[in-house]
Amino acid sequence: MAGPNLSAAVFVIAGGVLLTAGVLASVREIAPYSIGGVSVAQRFGAVVAGSYGLGESRLSKRLFFADCIEVAGSVFAKAQPALRRDAFEKRCYELARAATSDMPTFSEAWLALATAAATLNDVSEFRAGLVASQRTAPDVRWLAEQRVALAARHIDQLDDAAKAAYRLDITALFDSSGGPEVLARRYLANPREQQLILDIGETVPGSMQQRFLDKVRELKARQVAQ
Amino acid sequence: MRTLMLGVTLAVAMGGSFSAFAQDVAAVDSNASVPSIEPTVGVCETVSKNPEIADPISGQCVTSTGAYIASLKGLPPATSEQAIADLVVALAPLAQLGGPTCDAYDDEIAAAIRMAASGSTDPEQVASLNEIAQTIDDCAVGETAALIEELPASIN
């Protein structure tokens, strides 16, 4: 009889489709964990090739956008020919736009969007991403550090809202674990940023000022000792 | 049974046809005509071990980089631009070998990177490579190799 055989075939085929879909979803989910530990060059290449994207979970998405942010700032990415670099940024941009549309409080996605938009000369998305990232995660040190670096690189493109977000991030770094060292490094490496850091430092409590100054002295002493 | 085997085979074939972690291949096909960057990187590493001989104007690292860039002439722009990118990626970390203090060796690495930039016809790549060189010149290379660019006078 054709009936039972046909049902069995449909069942098997449906099972095969579900199995394949499950494997694909697992691959997407696992990708950030396996690719995230390899070199910048490999992560860059995987993003450009499209073999590294967003998994289903929030954590896998965070890992992917962390790579969009950190890899973009690497010497490797900056050295690439413009076409290849733009391909990387466009993929991060598209996925970040989709993610922020679905999840408006996803700070890492907003920062990935801002980072990619800055490279692609989309000024309005750059500003919007920076402001939204700060608003949705004002106290996460790693994100504040990345936002400060991004804002400093594109200072001429900041509007009033983005400037305010930038200043809030510097203030947050004064108050965070590890933040004073980040600021001390920027202070020593970037003479033209010194006054801004000092201006904001004058508005924070004395204990935070002291931690910052201690870090500046420590880093300077390390440099002299080398 | 036969139907079940057919279904399993179909499922395995579909799953196996997808490449899990396909890596990006170079933007251009690698071919034997692209000179290796290893000799140039080796010369620059040798200078790093003997920084007293570093010279940002006519040092061995700068000279070797210039010769490498000259050897790329005649290649398709996409090929030469990728070769230049590969060279700069190899040279930039060498600036940190001597530690955080600035010295003539860092200046020669920066000069070599500028020399490499001069061989590119991609204006965005040229600007980016010069930015990397400037950061090394300014001794602003951080622990994570992220670049810390200079801030204009004021944000007010």
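A disulfide is taken here as a pair of cysteine sulfur atoms within 2.5 Å. In the predicted model described here, that rule gives a count of 2 disulfides over all chains.

In chain A, the bond is formed by Cys68(A) and Cys92(A), whose sulfur atoms are 2.1 Å apart. It helps to see where these two cysteines sit: Cys68(A) belongs to helix α3 (residues 58–72) of chain A and Cys92(A) to helix α5 of chain A, so the pair, 24 residues apart, links distant parts of the chain. The handedness of the link follows from its torsion; because the angle about the S-S bond of Cys68(A) and Cys92(A) is about -90°, this disulfide is left-handed. Neither end lies open to the surroundings by the cut-off used, since buried means under 20% relative accessible area. Cys68(A) has a relative accessible area of 2% and is buried, and Cys92(A), with 1%, is buried as well.

Chain B holds a disulfide too, joining Cys44(B) to Cys61(B) with an S to S distance of 2.0 Å. Here Cys44(B) is found in helix α2 (residues 38–49) of chain B and Cys61(B) in helix α3 (residues 60–71) of chain B, so the bond ties together parts that lie 17 residues apart in sequence. The torsion about the S-S bond is 90° for Cys44(B) and Cys61(B), and their link is right-handed. Both ends are again buried: the relative accessible area of Cys44(B) is 0%, and Cys61(B) is likewise at 0% relative accessibility.

Turning back to chain A, helix α7 (residues 123–136) offers a simple check of geometry. At 1.5 Å a residue, its 14 residues should span 20 Å, and the C-alpha atoms at its ends are indeed 20 Å apart, which agrees. Which residues of α7(A) are buried? They are Glu125(A), Phe126(A), Gly129(A), Leu130(A), Ala132(A), Ser133(A) and Gln134(A). A general point about helices is useful when reading such a list: an α-helix has 3.6 residues a turn, so residues three or four places apart point the same way. The cover over the buried residues of α7(A) includes four helices of chain A, namely α5 (82–102), α6 (107–119), α8 (141–153) and α9 (160–174).

On a broader scale, chain A is divided into domain 1, covering 37–137, and domain 2, covering 160–226. The C-alpha centres of these two domains of chain A lie 26 Å apart.

Notes:
Residues numbered from 1 in each chain as written. Chains lettered and ligands numbered in written order. Predicted model: local features only at pLDDT ≥ 70, side-chain atom pairs only at ≥ 80, totals over all residues. Heavy atoms only, no water. Expected span 1.5 Å × (residues − 1). Buried < 20%, exposed > 50% of the residue type's maximum accessible area, 1.4 Å probe, protein only. Contact = heavy atoms within 4.5 Å. Domains from an automatic or database assignment.
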